[in-house]
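I set out to look up how one helix is covered by its surroundings and how two other helices pack against each other. My entries follow in the order in which I looked.

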Amino acid sequence: MRNAPSEPSSSEGNDAPTGRTEVTGAARVVVKVGSSSLTAPEGTIDRERIGELADVLAERRAAGTEVVLVSSGAVAAGIVPMGLARRPRDLATQQAAASVGQGLLIAHYTAALARHGLTAAQVLLTVEDMIRRVQHRNAQRTLRRLLDIGAMPIVNENDTVATHEIRFGDNDRLAALVAHLVRADALVLLSDVDALYDGNPARPDARRIGYIADPADLDGVDIGSAGRRGVGTGGMVTKVASARIATEAGVPTVLTSASNARAALAGEGVGTLFAARARRRPSTRQLWLAHATAARGSLVLDPGAVRAVAGGRASLLPAGVVKVEGDFSAGDPVDLRDEAGAAIARGLVNYDAGEIPDLMGRSTRWLARELGPEYEREIVHRDDLVLLAGARA
Ligand SMILES: Nc1ncnc2c1ncn2[C@@H]1O[C@H](COP(=O)(O)OP(=O)(O)O)[C@@H](O)[C@H]1O
Ligand SMILES: N[C@@H](CCC(=O)OP(=O)(O)O)C(=O)O
């Protein structure tokens, strides 16, 4: 196992206030809290923990920082009222529990924030809301307006209507994408573990990793996909994925425990800091398209089209498509693959799967002449297309 990378400043260790400027200087922060931090050992929602978190967030708000909270816990909050013994496994019962629990969760936050004179504002998002242009703009505008009026948006996935196919599934990545959506200066992920460790934190020899400058620093780190108590969803894997999405979009990310929330927001050297790495800020829709969607099918491209899309950032035209896989409808996300099967890009397709075979290999001019002007449109427009990792030229 490699040695843990360390933060290149005086901010090593857990005790000294060191003033991480990434966090102390942030005008807008997104804080994400997981179910494991909001529940008692038996899995029921813990109002006291919600109250403590609300106190910390209110302090930072009073100091002039805009705060967006991404809170899990809807399913956990629904367990007792639904008469269940534990977190349900099947989707329908999870959705029902989330429906019962989300209202309770927000009621607790509303009461806790009201003690500080703050207004809680529930925002429930779906993947579809984020990748479609109109819904996306709408969500962004609403969040901005809520911040303008001084409310504290409390975001969760709209679990009740999300199906397996369109479900985002974990709030860690949702938080990274929300951080990008609201142009946050920092993201703080709060869990039941105080930092990323170089292996299972239950092991006595596990060592805290204080600073990740680059994804390569994670080589050899044993990152588990399940939480300790079965209340969370993604374990450390989704937190590291979230930090990666955020930092690649230019948002530095701190990962620590909910009990360290005050220290983390004060810029103390607690937990793990993932440094921002963005060179060029991607568009929010492109980020969502790459990270929040599951492709409904694939289009196989000839080598010229691969070069045009991956190298030239061009739209995909019918002439470059050699094969259609899957059954999708116009507007769905699809993967664009090379003939060896590697996914090079993901985009929103402009045609149903069944229409494309008749268009493949044809020039847009020929199609417009033979089939009508509406067939002059691209298969995937460049604005609706994002290159996937490894395909960037
Ligand atoms: N390398 C690691 N470092 C820290 N925690 C890890 C690691 N691998 C797995 N974990 C586990 O991930 C858990 C946090 O994930 P989860 O329970 O899903 O949290 P949340 O509900 O906050 O989203 C921790 O309790 C810990 O047991
Ligand atoms: N949206 C779900 C939470 C999903 C989730 O990511 O949970 P967690 O791993 O606890 O952050 C809920 O509110 O129960």
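I first looked at the outward side of H2, where Glu 48 and Ala 62 are exposed (12 or fewer other C-beta atoms within 10 Å of the residue's own, against 20 or more for buried and partly exposed in between, with C-beta atoms placed from the backbone). I note that this is a predicted model, in which local features need pLDDT of at least 70 and side-chain atom pairs count only at pLDDT 80 or more, while totals for chains, interfaces and linings use all residues. Residues are numbered from 1 along each chain as its sequence is written, and chains are lettered from A and ligands numbered from 1 in the order in which they are written.

I then turned to the buried residues of H2, which are Ile 50, Leu 53, Ala 54, Val 56, Leu 57 and Arg 60. Seen down the helix axis, they fall within an arc of 165° and so line one face of H2 (the arc is that of the directions from the axis to the C-beta atoms). Among the elements covering them I found strands E1 (28–33), E2 (66–71) and E4 (152–157) and helices H4 (91–114) and H9 (261–265), taking contact as C-beta atoms, placed from the backbone, within 7 Å. Just after H2, I noted that Gly 64 takes a positive phi of about 100°.

Last, I looked up H7 (residues 171–181) and H10 (residues 284–292), whose axes come within 10 Å and cross at roughly 170° (axes are lines fitted to C-alpha atoms over the stretch in contact, with angles from 0 to 180 degrees between N-to-C directions). The two helices are therefore roughly antiparallel, a label for angles over 145 degrees.

Key: Helices (H or I, at least four residues) and strands (E, at least two) are DSSP runs, numbered from the N terminus. Two residues are in contact if their C-beta atoms, placed from the backbone, lie within 7 Å. Angles under 35 degrees count as roughly parallel, over 145 as roughly antiparallel, 65 to 115 as roughly perpendicular and the rest as oblique.
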